[in-house]
Amino acid sequence: MHTPTGKDGMLIAKLMEHADIECQVCRSAGEMIEQLEQGAGCILIAEDAVTMDFMKTVTPFLKGQPTWSDLPILVLSKRGLDSSEMRNIYIELGNVTLLERPVQKVTLVMAVKSALRGRGRQYEMREIDRRKDEFLAMLAHELRNPLAPIGAASDLLRVAHLDPARIQQTSEIIARQVKHMTSLIDDLLDASRVSRGLVKLVRSQIDARQLVSSAVEQARPLIDAHRHRLTVQTSPEAAMIHGDPKRLIQVISNLLNNATKYSPDGSNIMLSLDVELERIIIRVVDDGIGMAQATIDHVFEMFTQAERTSDRSQGGLGIGLALVKSLVEQHDGTVTASSSGVGKGSQFTIYLPRLPVQQEQYLPKKLVSADAPVTGLRMLVVDDNVDAAHMLSLLLDAMGHETTVEHTAKEALESARKKKPEVCLLDIGLPDLDGNELAKQLRALPETAGSILVAITGYGQEQDKIRTAQSGFDHHLVKPVNIEDLFRIMSGLR
């Protein structure tokens with residue numbers, strides 16, 4: 001704060017003190033700059049202190065602000081004073097709020113609080129942008145990791161004469177790396193959907209002990225690969241909740257995977273489930289690298305990560321805990337994190353509302369059919385990506401089907417009339433006609449009116465699935481196509 005009259009400055013400073021606002025009375029513009037450099041959040045200045053000397057001192061500071069910064073300036077102006085010279089000065093100062101004297105105490109206090117709140121948000125956005133930049137750099141690194149072995153494997157298949165064993169080994173490398181890259185992209189899409197509230201929970205009554213069992217089954221391969229010792233403790237009594245089994249299994253397995261990745265090989269991990277009268281408590285405890293308090297304070301925020309090694313051996317995008325928090329809160333629960341410090345392990349605790357104990361025993365549904373897929377179907381593959389269409393055709397041929405490949409909608413319609421395919425796998429982004437429109441035209445043809453139509457697309461959000469269903473598709477698969485999903489569709493064609 002800077003006012004020419006010392007008495008005014010002391011009165012305002014006393015008012016700010018009563019409002020729990022830290023205020024520094026400055027005798028000159030130079031002193032104000034010193035306070036701003038030490039972290040002052042706004043300027044409060046009397047209009048008659050806005051002199052040419054003040055402007056010469058403050059203007060370079062304002063012009064040198066980074067892009068995220070817009071320093072708020074509150075000016076105590078005289079009633080009725082309005083000149084073109086002062087208006088030009090206010091424009092040059094930028095983020096100016098005029099408070100006409102005499103100003104009520106509450107008005108002055110609230111104006112200062114509002115300015116400081118806005119300034120605080122600027123700093124918060126600067127931090128979010130910094131974390132986004134780090135995240136994007138890390139994302140580029142993570143996506144290049146699987147691309148390197150995929151590229152090397154494809155080059156090997158192209159230039160070398162390999163025996164069947166080496167071909168099998170090379171194809172397994174490609175499959176593993178594609179699966180890893182797909183999981184990274186799925187994490188990104190999941191984070192986007194959850195943060196925008198687009199995830200719709202499919203709730204049912206479920207015993208949380210079954211969720212724990214399924215999550216352990218998912219995380220077990222990674223735990224065993226790191227030679228960790230996993231201890232599971234569950235309650236003998238029912239732990240019934242009303243939730244989405246798929247999403248809650250995702251939450252628990254995510255915490256188990258984090259404990260696995262952030263613990264030295266051969267560490268101990270404990271997963272426990274306790275039942276209280278109105279809630280259930282799920283804990284994942286490890287004796288891994290732990291966290292500093294600064295990390296704990298932000299661990300559930302998007303783009304926040306703990307300290308990681310330069311080779312990024314833990315893998316992943318570091319957005320899983322933001323997903324965990326969002327999904328738990330959508331189930332009317334809470335999740336907390338704690339650690340005794342770096343190198344002393346971590347504990348994550350989930351609290352979920354418990355349903356009253358039911359008499360009937362919970363029986364999990366069988367989600368995946370074990371039936372083998374049928375063979376000998378007439379298949380039509382339509383994709384303008386020649387390599388993708390060719391590889392999918394080879395896969396279908398290997399499954400024993402008769403496959404025709406086309407790269408445009410026009411060719412697909414001509415082929416459909418001639419060969420009457422029983423199953424059509426259609427890309428949505430075709431060059432001459434949208435895949436949804438192609439599906440409508442195939443449904444209108446007598447040769448394919450009853451065919452199974454499968455959309456193959458890079459878009460997998462709920463509105464995309466609704467659009468393909470409305471266009472006549474029976475199934476919606478997201479690229480890269482998961483072979484198990486394809487098997488499941490074929491199994492249903494008996």
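**Charged and polar side chains in the predicted model**

At 36% relative accessibility, E276 is classed as partly exposed. In this predicted model, E276 is paired with R279 in a salt bridge whose closest N and O atoms lie 2.7 Å apart. R279 is likewise partly exposed, its relative accessibility being 34%.

A search of the whole structure yields 13 salt bridges. One of them joins R354 to E237, with 3.4 Å between the closest N and O atoms. This pair connects distant parts of the chain, its members being 117 residues apart. R354 lies in the loop between β10 (346–353) and β11, whereas E237 lies in the loop between β5 (229–233) and β6 (240–243). The two partners fall into separate accessibility classes: R354 has a relative accessible area of 14% and is buried, while E237, at 39% relative accessibility, is partly exposed. The assignment of R354 as buried follows because its 14% falls under the 20% limit for that class.

A further salt bridge is formed by the side chains of R283 and D274, with an N to O distance of 3.1 Å. R283 has a relative accessibility of 23% and counts as partly exposed. D274 is also partly exposed, with a relative accessible area of 35%. R283 is therefore not assigned to the buried class, since its 23% is not under the 20% limit.

Negative charge is also found outside these pairs. On the surface, D384, E411, E414 and D432 gather in a negatively charged patch. Of these residues, D384 is placed in the loop between β11 (378–382) and α11 (386–398). The relative accessible area of D384 is 35%, and the residue is accordingly partly exposed. This value is compatible with membership of the patch, because patch residues must have over 30% relative accessible area and D384 has 35%. Patch residues also have no salt bridge, so D384, E411, E414 and D432 stand apart in this respect from E237, which is bridged to R354, and from D274, which is bridged to R283.

A polar contact was examined at H476, a residue of strand β15 (residues 475–478). The side chain of H476 contacts the side chain of T468 at 3.0 Å. H476 has a relative accessibility of 17% and counts as buried; this classification holds because 17% is under the 20% limit.

How values were computed: Residues numbered from 1 in each chain as written. Predicted model: local features only at pLDDT ≥ 70, side-chain atom pairs only at ≥ 80, totals over all residues. Heavy atoms only, no water. Patch = residues over 30% accessible without salt bridge, like charges linked within 9 Å, V, L, I, M, F, W, Y side chains within 5 Å. Areas by Shrake-Rupley, 256 points an atom, 1.4 Å probe, with all protein chains shown as cover. Salt bridge = Lys/Arg side-chain N within 4 Å of Asp/Glu carboxyl O. Lys, Arg positive; Asp, Glu negative; His and termini not counted. Charge placed at Lys NZ, Arg CZ, Asp CG, Glu CD. Helix = DSSP H or I, 4+ residues; strand = E, 2+ residues; numbered from the N terminus. Buried < 20%, exposed > 50% of the residue type's maximum accessible area, 1.4 Å probe, protein only. Polar contact = N/O pair within 3.5 Å; in protein donor to acceptor, adjacent residues only side chain to side chain.
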